Every structure is written in structure tokens, then in C-alpha cells.
Amino acid sequence: MKIPKRLQPLVDEGMVDEVLYQLMSGKEAQVFVVRCGDQVRCAKVYKEAQKRSFKQAVQYQEGRKVRNSRRARAMSKKTRYGQKEQEDAWLNAEVDALYRLADAGVRVPEPFGFVDGVLLMEMIADSEGKAAPRLDDVTLTPEQARSYHSKVIADVVRMLSAGLIHGDLSEFNVLVDATGPVIIDLPQAVNAAGNNSAERMLERDVDNMRRYFGRFAPELLNTDYGKEIWALYEAGDLHPDSQLTGCFEHDTESANVDELLDVIEAAKEEEWERQERLRDAEDDD
């Protein structure tokens, strides 16, 4: 196919030999399948900020550290330079998260380079070598659902042990290869220690997985891994191989009405975003 303009620098640098086809186009990026020597990989081309429709960037970026103090000051202002630095930090977040999580033993695509807003990474493939399907596109047996759910929860624990929360985990950003689930799409990865919404995001990620896998293994609907994981994390007792029960003893004190209303509003927003992803997925098909 014709080489997209954004991929031309990677071709010129010899990082990509051939662009084979476009795999998908979403709110944040387009993904192309490319040939690099004798390897088939993916090139994720991030859309420019004004063309993305991810609406909660500020909430997700809270707590991210910027090593350069000049950059940090610029990012706090709304100058053109500050906006560019903010955009660069957003784009680099997924690359940093992929390296960090791969080192932590989380099953994510292996990154191979990041050039001018294009992330070159491993293509997750099925047993026939084709692009692996999303979790939402597969039908599971109860045994598979229990096994895959266990693997995803174990990866969530490893992620949090490494200081990160996915922040947008659902059946739409988990692929299924020959060995099971692979977590993708991490530009919004959350710094667990520095983000005031970290607990809610962690529980939302885990609850999304519970609801999805519970379609095939209904007993999973009775678990509460999110609160259990966070309680261990807050107590300093969470580690990559923590043994979980799926049970949590809830506080029986009176609920804070304002907090409850915030949770309800957040749930409405999450459902709206879920419906948007469903519509996007239908458009891709």
C-alpha cells in the first residue's frame, strides 16, 4: 500500500521496510501492520491532539513526573511551547509504560522504538499468524473465562506493584493470542501513588473485567478483586505474586452522599465512553 506520510520517516531510517495494511483506526491513533526485515510488526500512529477525542487527559496525567523542571513549568502554562511539551509527555507515556510493564512481567506488546509520534511494537498474533482478535470479539468457555480472568487480574496486580494502573481497561483493549490475554493501549496509564483518582480507576478496570468474564462464568460476578487489591496496596502488602481471594469486607458505615453522587456521575461517564467504543468498533468492522 502507499506509505502514509507519518510512516515515511521510519521507512527512510530503515526501521520499516514495507507498510502492509491498516489494521485499525480509533479515537487516539491509527495502527498499521508493517514489515521490518523478516518480522511483521505494528506501527501505532498517534493522532494530533486536536484530532483526538479522549476527553479526560488531565485526570489521567495527574501525578506523572517530569524530570526537566523547565518542561514542568511550561506544561503548567498554556503557552504553545507548554502545550507541545504536554503533548510529547502524553505520547511518551505509552512507550514508558510498555517498557516498565514488560520488565514487571505484564503481558503487553514489546516496544521497538518511538519516532515522531509513531510507536513501533510487536504485533500480537493468533495461532495462524494473523492479528489477534480483541477480547470482545471472542466467545469463551467457562473454563477459558476463569483462566483468562485470572491472568488479567494477575497482570493488574503486577501493574500496580510497578506503580501503574491501566486506567481504561476493558474488553476492547485486551487482545487474545495463542497463550491468552495481552493488555494494550496504555497512553492514559495512571501513576498510582500520585493520582487522586487512582483507587477509583483501579476498581473500574477490575470491575470491567469482572463484568465481561462474568458473561461466560457467572460466579465471577460475585468477586471483589478491585477493593481487595487496593486495600493490599494501601497497606504496603501488595507484591507481584500476591495471593488473592476475590473477597472483601465492606465498610458498613453511612455512605458520604457527595462521594456517592460522584461515583454515580463517573459511572454515567464511563458508560457513555463504553458506548462510544462500541460504536467505534462497529465502524472499524
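Tyr46 is buried, at a relative accessible area of just 2%; here buried means under 20% relative accessible area, exposed means over 50%, and partly exposed is whatever falls in between (1.4 Å probe, protein chains only). This is a predicted model, so local features need pLDDT of at least 70 and side-chain atom pairs count only at pLDDT 80 or more, while totals for chains, interfaces and linings use all residues. Residues are numbered from 1 along each chain as its sequence is written, and side-chain values use heavy atoms, with hydrogens and water left out.

Tyr46 also turns up in the aromatic inventory. A search of the whole structure gives 4 aromatic pairs, where rings of Phe, Tyr and Trp (its six-membered ring) pair if their centres lie within 6.5 Å, and planes under 30 degrees apart count as stacked, over 60 as edge-to-face and the rest as tilted. Tyr46 and Phe114 make an edge-to-face pair, because their ring centres are 6.2 Å apart and their planes sit at 80°. Since Tyr46 belongs to strand E3 and Phe114 to strand E4, the pair ties together parts that are 68 residues apart in sequence. Helices (H or I, at least four residues) and strands (E, at least two) are DSSP runs, numbered from the N terminus. Unlike its buried partner, Phe114 comes out as partly exposed, at 25% relative accessibility.

Another pair is that of Trp230 and Tyr233, whose ring centres are 4.9 Å apart with planes at 45°, so this one is tilted. Both sit in helix H7, and being 3 residues apart they are separated by about one helical turn. Trp230 is buried, with a relative accessible area of 7%, whereas Tyr233 is partly exposed at 24%. Elsewhere, ring pairs join Tyr212, Phe213 and Phe216 into a cluster. There is a charge over a ring as well: Arg41 lies over the face of Phe112, 3.7 Å from the ring centre. For that label, NZ of Lys or CZ of Arg has to be within 6 Å of the ring centre and within 35 degrees of the ring normal.

Back to the strands. E3 (residues 39-46) pairs with E5 in the antiparallel sense, over 5 bridges; two strands pair if DSSP finds at least two bridges between them. Within this pairing, Val45 stands opposite Val118 in E5. Strand E4 (residues 111-115) also runs antiparallel to E5, joined by 4 bridges, and here Gly113 has Leu120 as its bridge partner in E5. E5 itself (residues 118-122) is mostly covered, with 4 of its 5 residues buried.

E4 and E5 form a hairpin with 2 residues between them. Asp116 is in that loop, and its phi is near 50°, a positive value in a residue other than glycine. Asp116 is exposed, too, with a relative accessible area of 57%. Asp185 likewise has a positive phi, near 60°. Asp185 is found in the loop between strand E8 (180-183) and strand E9 (190-191), and at 30% relative accessibility Asp185 counts as partly exposed.

On the helical side, H6 (residues 198-214) has 17 residues and reaches 24 Å from its first C-alpha to its last, close to the expected 24 Å; the expected span is 1.5 Å times one less than the number of residues. Since 14 of the 17 residues of H6 are buried, this helix is largely enclosed by the rest of the structure.

Tyr225 lies in helix H7 (residues 225-234) and counts as buried, at 18% relative accessibility. Its C-alpha is 8.1 Å from that of Glu203, with 22 residues separating the two along the chain. Leaving aside residues up to four places away in sequence, Tyr225 touches His149, Ile153, Val206, Leu244, Thr245 and Gly246, contact meaning heavy atoms within 4.5 Å.

As for the cysteines, the structure holds 0 disulfides, a disulfide being a pair of cysteine sulfur atoms within 2.5 Å. Cys36 is in none, and the nearest cysteine sulfur, that of Cys42, is 9.8 Å away. Cys36 is buried, with a relative accessible area of 10%, while Cys247 is exposed at 54%.
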